Protein chains: 2
Amino acid sequence: MTDDPRLSRASAARLSLYLRCLEGWERDGRATASSRDLADALGVTDAQVRRDLACLGGLGRRGVGYGVPALIAAIRQALGINREWPAVLVGAGNLARALLRYRGFAERGFRIVALFDADAKKVGERLAGLEVRPVAEVGRRVRELGAELGIVAVPSEAAQEVGELLAAAGVRGVLNFAPAVLRLPEGIAVVNVDLTIQLEQLAFQVQAGRGG
Amino acid sequence: MTDDPRLSRASAARLSLYLRCLEGWERDGRATASSRDLADALGVTDAQVRRDLACLGGLGRRGVGYGVPALIAAIRQALGINREWPAVLVGAGNLARALLRYRGFAERGFRIVALFDADAKKVGERLAGLEVRPVAEVGRRVRELGAELGIVAVPSEAAQEVGELLAAAGVRGVLNFAPAVLRLPEGIAVVNVDLTIQLEQLAFQVQAGRGG
């Protein structure tokens with residue numbers, strides 16, 4: 001994919017961060033922002049911001065900067081979050097409860113449409129308006145609901161099996177919270193949110209004296 | 001820091017992933033592993049694995065590969081997780097409950113030693129053996145307990161203030177779960193775990209057809 005003219009993953013990750021800033025500025029009633037403003041807010045170079053935003057088309061005007069609402073819309077489109085993404089959540093523990101209450105998901109169009117757990121004691125419980133269903137129903141429900149994303153919030157020993165279930169059911173992407181490396185078929189995107197890895201990376205940066 | 005001969009952040013991130021694999025293999029009783037085994041497990045190139053592991057010193061032997069326990073120990077040392085990291089957690093909601101129950105943290109030496117919340121109704125509650133204390137006590141308790149890391153699990157509008165409190169209290173690193181960009185003084189490492197950003201990045205990869 002090195003000859004791909006589209007956004008790199010690193011640029012896409014920065015776009016998410018620009019979007020956070022811009023949305024804050026929009027709430028504050030700000031109409032325009034420069035690449036320098038974004039660079040300062042995120043601690044990257046001005047040139048980097050301009051390169052990233054150039055992928056979105058000619059939005060900036062010299063001496064004026066970017067219109068905040070237009071830039072927000074362009075970034076949302078580039079990231080593919082200008083539409084709804086129905087997602088199913090497997091695992092109905094504390095993490096799932098946190099995710100179901102997480103305002104940000106719904107605000108950005110990520111709609112959790114079904115909830116599953118392998119534990120028969122949890123099946124039938126209601127969380128955030130969703131009834132916990134048995135894992136055996138994942139395939140059928142993903143198809144019925146047209147869910148495109150799956151969220152894995154199960155213990156690491158169950159994660160690979162759940163990932164494969166979701167892949168077989170036809171989801172196109174998996175967000176994995178289990179501290180395990182998932183190996184899924186080609187064509188299924190996987191983003192790992194291994195919380196231990198995040199803390200390890202923080203420890204590494206602190207130890208290496210790379211704060212700030 | 002571009003002239004830093006030490007591990008890059010990208011290498012450090014991969015070391016965390018190699019560690020996950022190696023620990024799984026160790027549990028399965030495997031004594032040795034090759035760079036190719038790790039490359040296959042993670043979907044990176046053999047050359048990349050060899051470059052990353054070369055930073056750890058001459059551990060591999062031609063035709064034999066790496067001793068799994070020795071490689072695990074070397075990676076843990078390189079990442080700085082061969083010791084305890086006392087951490088405080090601010091925000092006692094569902095996410096905090098999930099984090100407190102997360103086996104992986106304690107297994108890797110991340111010990112949550114204090115828990116704070118701004119909500120007077122939560123103060124005094126006990127979660128995972130810790131009493132929720134008022135946020136006003138963060139500074140004093142961080143110093144008393146020698147906590148080096150802070151975990152921010154509060155709503156985004158409170159995140160910057162909590163981050164500053166932690167920085168002023170003397171933590172060296174902050175793991176931020178709030179969907180907000182934290183600006184902390186130089187010398188304080190920040191790792192953001194913005195769950196919405198992770199889902200956005202997944203949506204981006206699915207939309208761009210970059211699964212697998």
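This is a short tour of a predicted model, with a suggestion at each stop for what to select in your viewer.

**Stop 1: chain A as a whole**

Start by showing chain A on its own. You should find nine helices and nine strands in it. Along the principal axes, its C-alpha atoms fill a box of roughly 60 × 40 × 40 Å. Chain A has 212 residues, and 43% of them count as buried. Now think about contacts in chain A with a separation of 6 or more: residues 24 or more positions apart account for 54% of those.

**Stop 2: where the chains touch**

Bring chain B back and colour the two chains differently. The contact takes 57 residues from chain A and 56 residues from chain B. On the side of chain B that touches chain A, the elements giving two or more residues include helix 1 (9–27), helix 5 (94–101), strand 8 (173–176) and helix 9 (195–207) of chain B. Which element gives the largest share of that side? Select helix 9 of chain B, because that is the one to look at: the largest share, 13 residues, comes from there. If you colour this side of chain B by residue class, you get 33 nonpolar, 13 polar and ten charged residues.

**Stop 3: two helices crossing**

Hide chain A for a moment and select residues 35–42 and 46–54 of chain B, which are helix 2 and helix 3. Their axes are 8 Å apart, and the helices pack at an angle of about 115°. The crossing is right-handed. To see the contact, show side chains for B:Ser35, B:Arg36, B:Leu38 and B:Ala39 on helix 2, and for B:Asp46, B:Val49, B:Arg50 and B:Leu53 on helix 3. By class, that makes four nonpolar, one polar and three charged residues.

**Stop 4: helix 4 of chain B**

Next, select residues 68–79 of chain B, a helix of twelve residues. From first C-alpha to last, helix 4 reaches 17 Å, close to the 16 Å expected at 1.5 Å a residue. Highlight its buried residues: B:Val68, B:Leu71, B:Ala74, B:Ile75, B:Ala78 and B:Leu79. Why do these buried residues line one face of the helix? Turn the view until you look down the axis of helix 4: the buried residues fall within an arc of 130°, so they line one face. Here is the general idea: an α-helix has 3.6 residues a turn, so residues three or four places apart point the same way.

Show chain A again to see what covers the buried residues of helix 4 of chain B. The cover includes helix 9 of chain A, along with helix 1, strand 1 (32–33) and strand 2 (66–67) of chain B. Following helix 4 is B:Gly80, with a positive phi near 80°.

**Stop 5: helix 8 of chain B**

Move on to residues 156–169 of chain B, a helix of 14 residues. Helix 8 reaches 20 Å from end to end, C-alpha to C-alpha, close to the 20 Å expected. Its buried residues are B:Ala159, B:Val162, B:Gly163, B:Leu165, B:Leu166 and B:Ala167. They pack against strand 3 (85–90), helix 7 (138–145), strand 7 (149–152) and strand 8 of chain B. Just after helix 8 comes B:Gly170, whose phi is positive, about 110°.

**Stop 6: B:Phe177**

Finish by zooming in on B:Phe177, in the loop between strand 8 and strand 9 of chain B. Is B:Phe177 buried or exposed? B:Phe177 is buried, because 25 other C-beta atoms lie within 10 Å, and the cut-off for buried is 20 or more. Leaving aside neighbours within four places in sequence, B:Phe177 is in contact with B:Leu95, B:Val152, B:Ala153 and B:Val193.

Key: Residues numbered from 1 in each chain as written. Chains lettered and ligands numbered in written order. Predicted model: local features only at pLDDT ≥ 70, side-chain atom pairs only at ≥ 80, totals over all residues. Axes fitted to C-alpha atoms, helices over the stretch in contact; angles between N-to-C directions. Helix = DSSP H or I, 4+ residues; strand = E, 2+ residues; numbered from the N terminus. Left-handed = near helix turned anticlockwise from the far one by under 90°. Contact = placed C-beta atoms within 7 Å. Nonpolar A, V, L, I, M, F, W, Y, C, P; charged D, E, K, R; others polar. Expected span 1.5 Å × (residues − 1). Buried ≥ 20, exposed ≤ 12 C-beta atoms within 10 Å, placed from the backbone. Arc of directions from axis to C-beta.
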